[in-house]
Amino acid sequence: MQVILNQDVKGQGKKGQMLNVSDGYARNYLLPRGLAKEATKSNINVMKGKAESLEYKIQTEKKEANEIVERMKEIEVVITAKAGSNGKLFGSVTSKDVSEALTAQHHIKLDKKKFVMPDGIKAIGTTEVDVKVYTGITGKLRVTVKEA
């Protein structure tokens, strides 16, 4: 019997996958527990529609991510912070600060988790920060820290 999985089933497959399983396994385990539904023509069409919709969504998100990376090549984020006489900051500039400044100055809203800054920025000057905009799409952002 052919079934379409509603959720991941250990040892069988992932959600949305169509499988051939024995009639007893389908009728006595998968269908009563709501883990799968029978693979009728209408259910197969719904599954294909969802797959196409998901693919379109992924392509749109990748396109937007590439546009953001291209914009980031041309812009610079300026942050002011208090510093000592030797150019070291009192504290550090964190990914949250960079995210807020990017949104305020250039209207690009990115989550603070997307910025790769293990220790933050601890000195005055210009720094290149890696930004993971989307899975497999990484850009660089120029961040300049000035003394307040």
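Q: How far apart are the centres of the positive and negative side chains in the protein chain?
A: This is a predicted model, where local features need pLDDT of at least 70, side-chain atom pairs count only at pLDDT 80 or more, and totals for chains, interfaces and linings use all residues. Numbering runs from 1 along each chain as its sequence is written, and side-chain values use heavy atoms, without hydrogens and water. Lys and Arg count as positive, Asp and Glu as negative, while His and the chain ends are not counted; each charge is placed at NZ of Lys, CZ of Arg, CG of Asp or CD of Glu. With 26 positive and 18 negative side chains, the two centres are separated by 6 Å.

Q: Which pattern do the helices and strands of the protein chain follow along the sequence?
A: Helices (H or I, at least four residues) and strands (E, at least two) are DSSP runs, numbered from the N terminus. The protein chain has 3 helices and 9 strands. Read in order, they give β-β-α-β-α-β-β-α-β-β-β-β.

Q: What is the radius of gyration of the protein chain?
A: The C-alpha atoms fill a box of roughly 80 × 25 × 20 Å along the principal axes. The radius is taken over C-alpha atoms, and the globule rule is 2.2 Å times the number of residues to the power 0.38. For 148 residues, a compact globule would have a value near 15 Å, whereas this chain has 25 Å.

Q: Is Ala-81 buried or exposed?
A: Ala-81 sits in strand 4 (residues 76-81). Among its contacts (heavy atoms within 4.5 Å) beyond four places in sequence are Leu-89, Val-145 and Ala-148. Buried means under 20% relative accessible area, exposed over 50%, and partly exposed in between, with a 1.4 Å probe and protein chains only. Because its relative accessibility is 17%, Ala-81 counts as buried.

Q: Which strand gives the most residues to the largest nonpolar core?
A: A nonpolar core is a set of buried Ala, Val, Leu, Ile, Met, Phe, Trp, Tyr and Cys residues joined through side-chain atoms within 4.5 Å. The largest has 25 residues, of which Val-98, Leu-102, Phe-115, Leu-141 and Val-143 touch the most other members. Its suppliers of at least two residues each include helix 2 (41-74), helix 3 (95-106) and strand 8 (125-134). The biggest share, 4 residues, comes from strand 9.

Q: How many residues are in the other core, which lies apart from this one?
A: Val-3, Leu-5, Val-9 and Val-21 are among its members. The count for this separate core is 9 residues.
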